[in-house]
Amino acid sequence: FIQSHEVPMFDVALVFKAGSRYAAPGLANFTGQSTLLGSKFQNKEQVNAKLNHSGSELNTIINPNSLIFSVRSLADTSVETVNELFNSAVFTSVFPSQEIRSQRASIISDITFDQTQPEAIAQQALYKLLFPSSPKFYSPINGYADTLENFHTSDLQIFHNKMLAQPGTSILIIGDLSEEKAKSIAN
């Protein structure tokens, strides 16, 4: 917890040790992006309406080591609202089929674009040179178009459940809120 009163906002992040190094190429990213597409109790539009109504923003960050879900909220947002946003978006995800197809197409489009970018090509070549026997070290976070096509909803659900069940998840809270409110959110 880092308290900062400079801006009337705060961030809460759940950091899972579930990045791209811990899964098939692209699975962590696909799962992380798809987690926010709807829940058991609310569809994506309802979750987004709650975010907008509370002045909050939900993000997913995927890197080789971590899968991070973060909520940025106005300082006066209640603990209950923050917890409800995480529950609606992260903990009760259902991975709706139509939304998954659209998400897959979006990621494949990103992959196709990255394959034309000199810096992405150079980075891929460098990692292959540095880690020739460890493909997870040089697999792109988005994965590959052909492997992405082979992931099914069940693959996303299994990875998501495994991610949520693992020990060692970190909760980072930064911003304009009291220590008491930060502890309440963390609990």
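In this predicted model, the lining of the second largest pocket comprises 8 nonpolar and 4 polar residues and has no charged residues. The volume of this second largest pocket is about 170 Å³. Its lining is formed by Val-12, Leu-14, Phe-16, Asn-83, Phe-86, Asn-87, Phe-91, Thr-169, Ile-171, Ile-185, Ala-186 and Asn-187. Strand β2 (9-16) and helices α3 (79-91) and α9 (179-186) each contribute at least two residues to the lining of the second largest pocket, and the largest share of that lining, 4 residues, is supplied by α3.

Among the lining residues of the second largest pocket is Phe-86, which is located in helix α3. With a relative accessible area of 5%, Phe-86 falls under the 20% limit and therefore counts as buried. When residues up to four places away in sequence are left out of account, Phe-86 is in contact with Val-12, Leu-14, Phe-69, Ser-70, Val-71 and Phe-91. Of these partners, Val-12, Leu-14 and Phe-91 also appear in the lining of the second largest pocket. Along the chain, Phe-86 and Ala-13 are 73 residues apart, whereas their C-alpha atoms are separated by 9.8 Å.

Helix α9, another contributor to the lining of the second largest pocket, has Lys-181, Ala-182 and Ile-185 as buried residues. These residues cover an arc of only 100 degrees around the axis, and therefore lie on the same side of α9. The face of α9 turned away from this buried side carries the exposed residues Glu-180 and Lys-183. The elements that cover the buried residues of α9 include β2, α3 and β5 (170-175); of these, β2 and α3 are also elements that each supply at least two residues to the lining of the second largest pocket. Ile-185 is thus named both among the buried residues of α9 and among the residues that line the second largest pocket.

A comparable description applies to helix α4. This helix, residues 97-114, has 18 residues and reaches 26 Å from its first C-alpha to its last, close to the 26 Å expected at 1.5 Å a residue. Within α4, the residues Ile-100, Gln-103, Arg-104, Ile-107, Ile-108 and Ile-111 are buried. Because these residues cover an arc of only 140 degrees around the axis, they are placed on the same side of α4. The opposite face, turned away from the buried side of α4, carries Gln-98, Arg-101 and Phe-113 as exposed residues. The buried residues of α4 pack against α1 (27-35), α7 (145-148) and α8 (153-165).

The loop between α3 and α4 holds Phe-95, a residue other than glycine whose phi has a positive value, near 55 degrees. At a relative accessibility of 3%, Phe-95 is under the 20% limit and so counts as buried. Not counting residues up to four places away in sequence, Phe-95 touches Thr-31, Ser-34, Thr-35, Gly-38, Ile-100, Thr-153, Leu-156, Gln-157 and His-160. One of these partners, Ile-100, is listed among the buried residues of α4. The C-alpha atoms of Phe-95 and Ser-39 are separated by 7.6 Å, although the two residues are 56 residues apart along the chain.

Another buried position is Thr-60, which is found in strand β3 (residues 57-62) and has a relative accessible area of 16%. With residues up to four places away in sequence not counted, the contacts of Thr-60 are Gly-32, Gln-33, Leu-36, Leu-67, Ile-68 and Phe-69. Phe-69 is also a contact of Phe-86.

Two partly exposed residues complete the description. Tyr-22, in the loop between β2 and α1, has a relative accessible area of 35% and is partly exposed; its C-alpha atom and that of Asn-65, 43 residues apart along the chain, are separated by 7.7 Å. Gln-123 lies in helix α5 (residues 118-130) and is likewise partly exposed, with a relative accessible area of 42%. Gln-123 and Ile-108 are 15 residues apart in sequence, and the distance between them in space is 19 Å, C-alpha to C-alpha.

Methods. Residues are numbered from 1 along each chain as its sequence is written. This is a predicted model: local features need pLDDT of at least 70, side-chain atom pairs count only at pLDDT 80 or more; totals for chains, interfaces and linings use all residues. Side-chain values use heavy atoms; hydrogens and water are left out. On a 1 Å grid over the protein atoms alone, a cavity is a set of points where a 1.4 Å probe fits but cannot get out, and a pocket is an open set with protein on both sides within 12 Å along at least five of seven lines; lining residues have an atom within 4 Å of a point. Grid points are joined across faces, edges and corners, and a volume is the space filled by probe spheres set on the points. Ala, Val, Leu, Ile, Met, Phe, Trp, Tyr, Cys and Pro count as nonpolar, Asp, Glu, Lys and Arg as charged, and the others, Gly among them, as polar. The expected span of a helix is 1.5 Å times one less than its number of residues. Buried means under 20% relative accessible area, exposed over 50%, partly exposed in between (1.4 Å probe, protein chains only). The arc is that of the directions from the helix axis to the C-beta atoms. Contact means heavy atoms within 4.5 Å.
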